[in-house]
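These are my notebook entries on the metal sites of one structure. The sequence and model are placed below for reference.

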Amino acid sequence: MITLKNPEQIKLMKEAGRITGEALVLAGEAVREGVTTKHLDDIIRHHIEKSGATPSFLGYGGFPGSACISINEEVIHGIPSPDRVLHEGDIVKIDVGAHYRGFHGDSANTFPVGAITEDRQKLIDCAKDGFAAGIAQIKEGGRIGDIGHAVQELCEGRGFSVIRKYVGHGVGRDLHESPDVPNYGTPGRGPRLTVGMTIAVEPMVSAGSWDVKELSNGWTVVTKDRSMTSHYEHTVALTEDGVVILTKVYGSA
Ligand code: MG
Ligand code: MG
């Protein structure tokens, strides 16, 4: 069931979104060669808790970190570790959620570690541009399939592929709510977009095949062909005044 939010609830979600966005910006600013993914996770946890919120991912299904931090061919659900060190040329995906006064925010971005190849920069840009193309489709009376189609068309048009197995989602009192928001689809298909909907739109893009598998740690998802991947996500609301990006803050890329 899709849970619509009233303006008061969307206001609260904007607070959760702000804390989420701030934590992501702070972690992104700390990305550099030699830093561990655990260090980034500590920055995120500290900011979220200092803000009076709790990290949405910590303990979710038993997840051990406050954020999912995934490097290069890792797509999502990377586990922060003191043993994972960032190297020049890596691309690192940081996915953050904060729970505040009953609601969640969910946001992710991909950061370059030092100087990266042009191909990797194009991959990063593609996830962000795919997001923009997707949310441009969000309007009263539209369909979920309009979003996915726009994301897919943009990414495949640039020679990349979109991950199929993992998708965007409704977000609110629960971190993952209905509906699913795939990064592929057919225009005019899927649930109808309605004022009060709050969804996480999150293109996950591969430089090679979209086929993925989970590593034996039970969490980390990688591309089967070990292609590089990028991820960009914001929690957005469809309001009477149009689309509002709830997790965007000053400094958001
Ligand atoms: Mg996320
Ligand atoms: Mg999400």
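I counted as donors the N, O and S atoms within 2.8 Å of the metal (3.2 Å for Na, K and Ca); water is not among the atoms, so sites may look incomplete. I worked from a predicted model, in which local features need pLDDT of at least 70, side-chain atom pairs count only at pLDDT 80 or more, and totals for chains, interfaces and linings use all residues. Residues are numbered from 1 along each chain as its sequence is written, chains are lettered from A and ligands numbered from 1 in the order in which they are written, and side-chain values use heavy atoms, with hydrogens and water left out.

Entry 1, magnesium ion (ligand 1). I found its donors spaced in sequence as D-x10-D-x126-E. Asp95 (OD), entered twice, Asp106 (OD) and Glu233 (OE) coordinate this ion at 2.0 to 2.7 Å.

I then placed a pair of these residues: Asp106 lies in strand β5 (residues 103-112), and Glu233 lies 127 residues away in the loop between β13 (229-231) and β14 (234-239). Strands (E, at least two residues) are DSSP runs, numbered from the N terminus.

Entry 2, magnesium ion (ligand 2). I list Asp106 (OD), His169 (NE2), Glu202 (OE) and Glu233 (OE) as coordinating this ion, at 2.1 to 2.2 Å. The sequence spacing reads D-x62-H-x32-E-x30-E.

Entry 3, the bridge. Asp106 coordinates both magnesium ions, ligand 1 and ligand 2, which are 3.1 Å apart.

Entry 4, burial. I looked up why Asp106 counts as buried (under 20% relative accessible area, 1.4 Å probe, protein chains only): its relative accessible area is 2%. Glu233 is buried as well, because its relative accessibility is 0%.

Conventions. Helix = DSSP H or I, 4+ residues; strand = E, 2+ residues; numbered from the N terminus. Buried < 20%, exposed > 50% of the residue type's maximum accessible area, 1.4 Å probe, protein only.
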